[in-house]
Amino acid sequence: MAVKTITGDQAVAYGAMLARAEVVPGFPITPQTVIIEQISEFINDGLMDADFIPAESEHSVMSVAVGASAGGVRTFTATSSQGLALMYEMLFAAAPTRLPVVMAVANRSLGAASGIWTEHNDSVPVRESGWLQVYVEDNQEALDMIIQAFRIAEDRRVMLPIMVCLDGFILSHVVEGVDIPEQAVVDRFLPRFAPVNVLDPRDPIMMNPVTPPEFATELRYQQDRAVEAARTVIGEADEEFAALTGRRYGGLFEAYRLEDAEFALIGLGTWAGIAREVVDQLRAEGKKAGLIKLRYMRPFPGQELRQATLNLKALGTFDRSAAFNGYGPVFTEVRNALYGSGITVTDHLAGIGGRDITAEMVRDMYGLVERSARGEKVRDCTWHALRGEME
Amino acid sequence: MTRMTSMKDVPREDMLTHGHGACPGCGYAATAKNIAKMLGPNTVVYVPASCLVVFGALYPYSSWKTPYMFTAFENTGAVTTGIKAALRRRHLDATVVGMAGDGGTFDIGLQALSGAAERNEDVIYVCLDNEAFMNTGIQRSSATPFGAWTTTTPVGLEVKGNRRFKKDIARIVADHDVPYVATLSVAHFTDFVRKVQKAKEVRGFRFLHCLTPCIPGWRIEPSKGVSINRLAVDTGMWTLYEVENGVPKVTYKPKAMTPVTEYLKLQGRFKHMSEADVRQLQAWLCAKWRAHYGEEAPSPPCVMPGHEEVLAHDGDPLYGI
Ligand SMILES: Cc1ncc(C[n+]2csc(CCOP(=O)(O)OP(=O)(O)O)c2C)c(N)n1
Ligand code: SF4
């Protein structure tokens with residue numbers, strides 16, 4: 001094991017190299033670009049045995065990835081924002097065709113009011129594409145999750161593509177010390193890709209033919225079962241990875257000081273770092289605060305969350321994507337999972353368009369959740385640190 | 001394997017077999033079938049959204065004997081790139097072929113086509129050109145010829161049919177400096193066989209542009225596809241050539257130029273054409289003829305006789321059945 005001081009994008013590239021990805025189509029978009037640049041360097045320096053395919057658009061990137069994965073080789077790519085939006089159609093080809101492509105998404109805001117800064121409104125809206133989605137908190141987790149992602153995606157019980165989402169700039173461009181696992185360790189954790197179905201003239205099959213209604217429902221049902229199965233596989237992979245590297249991430253989510261907590265927040269991404277610190281401050285003040293770092297949006301850990309929040313009086317959800325006319329996606333998922341449990345759930349939007357999230361903002365969030373835990377009526381959905389009108 | 005130089009050398013075994021759901025007389029199906037037959041069993045086929053996607057394989061049935069994949073409409077160049085990359089890494093030396101329609105090639109698929117051509121990917125790209133988006137019900141594409149009726153270039157009171165001339169896609173692809181580009185017609189079978197054979201042997205990006213008559217789309221009789229293809233070449237509506245490593249070569253030159261009315265009159269999609277429009281089309285064809293064959297086109301076809309009667313096919317594809 002060697003510690004290297006690298007950016008999140010480089011950590012992802014190391015992950016792809018150690019996972020022995022063989023085909024990597026790519027197209028530049030900030031803040032993901034460094035990933036494909038770094039992989040190109042690995043390949044051209046002879047460190048990584050893979051084909052880098054410079055496609056002419058992200059639609060083609062995902063099309064190449066689908067073709068390569070269908071051809072039976074381990075396939076990796078990366079994108080962000082507009083690039084992910086351009087891939088939209090092909091995301092829906094990879095998942096039902098059960099192609100275990102792994103893609104890093106450096107989260108970035110999307111569309112007009114254009115910005116290149118972090119926001120989750122690129123990846124979160126495509127959570128119904130059939131892809132699994134994991135969100136990481138630091139560069140170490142980014143690297144480790146690329147490796148785990150292949151293991152989960154290629155498990156016979158799953159066979160689904162996965163997005164590994166990392167906050168743009170906050171991780172993609174910030175350097176941290178990262179343990180680079182030994183190749184031998186990774187090889188033990190991640191065996192060679194053994195595809196189930198392959199386009200091979202020696203054993204012809206058809207992939208993704210037009211499917212009439214009498215079969216389409218069953219196909220979707222099987223896909224649904226595979227997403228369900230991923231819940232178990234994710235836990236197993238996390239444990240086995242921990243046994244090899246000492247690093248355990250909690251599987252579907254990580255609960256922090258939750259056992260005796262009366263109120264807590266749940267959210268995705270790097271926000272968990274500052275929230276953990278705020279929880280510690282609140283605990284020092286004698287307040288029973290807790291935190292859930294939600295790692296997976298798909299599979300969404302509904303039952304597990306219900307179990308974990310049994311003793312809470314109130315739960316706040318953190319959403320880093322603009323939500324219009326209502327609630328953010330994390331809120332929608334969480335409240336749906338907790339429906340009928342009697343816990344008050346409120347939504348907290350912050351960090352929109354890449355705005356910094358300060359400890360003070362997170363304290364504000366906890367303040368509101370604490371008030372609702374005490375039975376006070378607070379706003380269902382709050383945009384934090386908004387300049388101008390809200391109250 | 002034996003070199004195919006004529007029809008008799010073509011393997012007997014079909015790779016796109018009977019039982020598919022194409023319209024009787026479909027030129028698209030005949031072309032796809034013949035190309036697949038010549039490429040043989042060591043082939044992987046990708047088909048984007050098109051007639052072929054619908055008539056070739058509908059779960060749980062398939063007319064393909066080779067591995068087959070479909071995903072979307074605009075990505076033939078890219079998916080075939082990925083498949084080939086995977087096969088190469090797995091040391092499988094198989095032919096990867098994409099078979100796309102004109103819409104999936106000239107229009108929505110142009111970007112991926114250009115990307116694959118520019119990268120000189122080792123795949124065969126076949127464009128099955130029936131001159132409109134047929135699978136969605138005969139809408140105009142940039143392959144639709146001047147004057148033709150389609151459902152988005154209807155014959156109205158003011159505007160009658162398509163007002164733009166067909167895009168020269170083979171030239172655009174050839175300008176990417178790829179190893180092999182050829183135009184094909186099922187009515188010229190020896191030429192057809194030779195070109196597919198060549199495409200099979202060459203390495204790098206190969207583009208086969210095939211004119212494929214469509215029964216309802218062209219409003220023709222199902223038995224007339226091949227004769228119409230022959231007339232397309234004789235009138236200059238289609239030119240048979242190839243560009244090998246940048247060197248263009250006409251592979252079949254008609255003895256004389258046939259007036260375009262001979263081609264138009266068999267097809268309901270042209271029956272409304274005014275004399276002025278036919279003249280305009282003929283003038284375009286004469287210029288194209290000279291550009292391709294490098295000499296003066298004989299003048300008579302360029303002066304149009306009145307044609308009120310000759311463009312008389314009523315457009316019923318089932319006429320005479
Ligand atoms: C992105 C997208 N837009 C539109 C369609 C609908 N569509 C399916 S097939 C088709 C027409 C195909 O035309 P062409 O490529 O000429 O092939 P043909 O139908 O003539 O075989 C269209 C428009 C689609 N599948 N995907
Ligand atoms: S609509 Fe045209 S191209 Fe499509 S199957 Fe029928 S004849 Fe063939």
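Helix 9 of chain B has B:Gly225, B:Ile228, B:Asn229, B:Leu231, B:Ala232, B:Val233, B:Asp234 and B:Thr235 as its buried residues. The model is predicted. This briefing covers that helix and the surroundings of ligand 1, a site to which chains A and B both contribute residues.

**Helix 9 of chain B**
- The helix spans residues 225-235, and because 8 of its 11 residues are buried, the rest of the structure largely encloses it.
- Under 20% relative accessible area is the cut-off for calling a residue buried here.
- The buried set includes B:Ile228, B:Leu231 and B:Val233, along with B:Asn229 and B:Asp234.
- Just after the helix, B:Gly236 adopts a positive phi of about 90°.

**Shell around ligand 1**
- The site is shared between chains, since residues from both A and B surround the ligand.
- There are 18 residues around ligand 1, and those that come nearest are B:Tyr28, B:Cys51, B:Gly103, B:Gly104 and B:Asn135.
- By class, the shell consists of 8 nonpolar, 7 polar and 3 charged residues.

**Backbone contacts and burial of ligand 1**
- B:Gly103, one of the nearest residues, places a polar backbone atom 2.9 Å from an oxygen atom of the ligand.
- For B:Ala132, a backbone N or O atom is 3.0 Å from a ligand oxygen atom.
- At B:Met134, the distance from a polar backbone atom to an oxygen atom of ligand 1 is 3.1 Å.
- Ligand 1 taken alone exposes 580 Å², of which the protein buries 76%.

Key:
Residues numbered from 1 in each chain as written. Chains lettered and ligands numbered in written order. Predicted model: local features only at pLDDT ≥ 70, side-chain atom pairs only at ≥ 80, totals over all residues. Heavy atoms only, no water. Buried < 20%, exposed > 50% of the residue type's maximum accessible area, 1.4 Å probe, protein only. Helix = DSSP H or I, 4+ residues; strand = E, 2+ residues; numbered from the N terminus. Near = heavy atom within 4 Å. Polar contact = N/O pair within 3.5 Å; in protein donor to acceptor, adjacent residues only side chain to side chain. Areas by Shrake-Rupley, 256 points an atom, 1.4 Å probe, with all protein chains shown as cover. Nonpolar A, V, L, I, M, F, W, Y, C, P; charged D, E, K, R; others polar.
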